[in-house]
Amino acid sequence: MPISAFGATLKAQNYPVDLYFLLDGSASMASVKNEIVKQTESIYQMMKSMTDNVYLGMGSFVDKNLLPFTNVLDSTNTYSFRNRLKLINDPEAFKKTINDTAFGYNYDEQEGTLDALAQVIVCKEQIGWREESRKIILVFTGASFHAASDGIFGGVVEPYDGKCYLENDVYTKETVMDYPSVGIINKLASEDEKIIIFAIDEEAKNIYKSLTNFITGSKVTKYGGDLIANMLKTVYEEISQNLKLKINMDNEHRKNFEFNFTPDCYNAYRQYEDCEVVQSEEKHFTGTIKLLSYIETDNVKMDIVFEGIKEKIELDISIIKQCDCKREDNSTSCNYHGSLYCGICECEENRYYGDSCQCQNTTSALNPSDEATCIAPGSNSTCHNRGSCKCGMCKCRNGYKGKFCECSDHSCERGADNQLCSGPLRGVCDCGKCICKSGWTGSVCDCSTSKTECLSNDKTLCNNRGTCICGRCKCNDISDWDARTKEQPDCQLSCPQDNQDPSSCRHRQCINIEPTVLCHLNNDDCEPVDNLNITVIKNLTTIQSEGDWYHCSRVIVDVGCYTKFLYRYSKDKYGIEVVMDKNVDCIEANYIRGFICLFTLIFIGVGTLIAWKYWTDRRDRLEYERLFQQVNETETQNDLFVPPLHSYRNPSYQGHL
């Protein structure tokens, strides 16, 4: 059959990108709205730095306006999907749309994420997807999702059919059709080659991580900081490194032709295959079109399209149906090494061979097309069945290399996101071993050699208390004397309560250092403490306590005796400097001794008086008791005793006494 060949070059740059933001419009996301608005600005600026051809669009979703998915029916605040901005090249309109988006509410925890996602994928005209562009959908949500069969709780049993149902930018079948299945979402996204990135919070991370396992090309990240922008940058670099060729022609003629490209950017079984390119690099390729069977028409038109780039090659193929054609010697189609007859090269015998006489016979073998040189020693298969033998050399299929295609690009270890050598931006697989690109190292190229993330604010590496490993600080252990326990990624230490009560941490630091200070005060034979430098001076003045020194006063040395010391954290290394006062203040101890002596004298005096009074009282009591006892024991009557009382009777008194 006649064969036609052609060649072309392509310079890959400024790939058009359609970036659609799908925002969870439930009330639970209102708290992070400002953060999302801030991130969208950084995302747009990042994409503009990589390509000038960026279109932005935006839509929002909540859930079906049905019980039990919402508790307020017929509310405009509950909906499955609204397309709020068609894909356009107007960042100001995009920013205004996000700022003006009102948040609604639903009743249960899950959201109608898949309802909205399906409409964004299939409604090409309403969303504004361009025919030749790289399409990315960025989904912002903070909750799980409803899937197929969940609609039965609201009385919805009709399966979603994969079609577009947007009217006036509103999904009209939310109360009629069930939620899409994960399989349908995967099918729709794969057919249109749309990349879905789920930007979620920490609580929903595992749920959406599992979902990405079933949606081809989807990814998951957390919203916050520059995580989303960095992931989009990685995605864009990945897609811009791949060139895809697509054949557009009438389906009735496709089966009659066979297409081959060098490099192989097209595969008849998968429709097209990727070719690695570098941005701004020219990619040369040649193509061969072979007629497999007879067709009635004499001319066939076809286009070779470079997906994502608004360029194509238009071919008008004329089919030779008769063999009464002239012989063309030294034909250009045969590389000047043979004659072209009816579209077929007849090569110079024993010198050149191949479809276009492109192979030179450098051996004395009788059969120049012998594939013996493509069979490895000890093997009986041509190119290990991983390629074809052309011109006596193996032309390996994608993913294999080596003289006999013995090396597999798929046998290396996998790193981040289950990608070989952590992805093409970090390393490539070379015969079972990862060859890391600049800036990466490690067995799977997952270790960054950059030290940017390890630099502190003062440009020191890991704040001088750690080592930078794989682009991250591995901090040394915190010393026992250190009261700071809150550790930053750059190994900088701070107090957990500094924002509440800074003095509490300083007080704890004084307590931690105090035992070592007292040891140095009493003797010079103290065990050294790592990263703690103590200086003993006399008469510690207030001038020395200025600046970044902290004052620890009333350190108890003995009863009534105190000292003081100052400390500050070292700036050029991890450690603490301590300056202590050698003099001990015992004024309070002298007062205590005086009070003790005075109290002792008073106590002795009062005690002596009490003892004397007690002794005299006891002596008098004993004397009285002895005298009383003597009186009672004496019974002798005194004749001379005259009673002091006498009674006289009055004779004139008539009464009675």
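**View 1. A cavity in the predicted model.** Welcome to the inside of this predicted model, where there is one cavity of 30 Å³ or more. The space in this largest cavity comes to about 40 Å³. Around the cavity you will find Thr40, Glu41, Tyr44, Leu56, Pro91, Phe94 and Lys95 as its lining.

**View 2. Who lines the cavity.** Two helices are worth picking out here: H1 (33-48) and H2 (91-100) each contribute at least two residues to the lining of the largest cavity. Sorted by class, that lining is made of four nonpolar residues, two charged ones and one polar one.

**View 3. The buried side of helix H6.** Follow helix H6, residues 205-212, and look for its buried residues: Tyr208, Leu211 and Thr212. These three lie on the same side of H6, because the arc they cover around the axis is only 100 degrees. An α-helix has 3.6 residues a turn, so residues three or four places apart point the same way. Among the elements that cover the buried residues of H6 are two helices, H3 (113-122) and H5 (182-191), and two strands, S8 (194-200) and S9 (219-222).

**View 4. Where to read with care.** Mean pLDDT is 78 for the protein, with 84% of its residues at 70 or more. Among its elements, H3 has the highest mean pLDDT, 93, while strand S1 (residues 3-11) has the lowest, 46. Residues 1-11 stay under 50, yet the model gives them 42 contacts beyond four places in sequence. Residues 266-273 also fall below 50, and this stretch has 23 contacts beyond near neighbours in sequence. Where pLDDT is low, please do not read the predicted coordinates in detail.

How values were computed. Residues are numbered from 1 along each chain as its sequence is written. This is a predicted model: local features need pLDDT of at least 70, side-chain atom pairs count only at pLDDT 80 or more; totals for chains, interfaces and linings use all residues. Side-chain values use heavy atoms; hydrogens and water are left out. On a 1 Å grid over the protein atoms alone, a cavity is a set of points where a 1.4 Å probe fits but cannot get out, and a pocket is an open set with protein on both sides within 12 Å along at least five of seven lines; lining residues have an atom within 4 Å of a point. Grid points are joined across faces, edges and corners, and a volume is the space filled by probe spheres set on the points. Helices (H or I, at least four residues) and strands (E, at least two) are DSSP runs, numbered from the N terminus. Ala, Val, Leu, Ile, Met, Phe, Trp, Tyr, Cys and Pro count as nonpolar, Asp, Glu, Lys and Arg as charged, and the others, Gly among them, as polar. Buried means under 20% relative accessible area, exposed over 50%, partly exposed in between (1.4 Å probe, protein chains only). The arc is that of the directions from the helix axis to the C-beta atoms. Contact means heavy atoms within 4.5 Å. pLDDT is the predictor's confidence in each residue, from 0 to 100.
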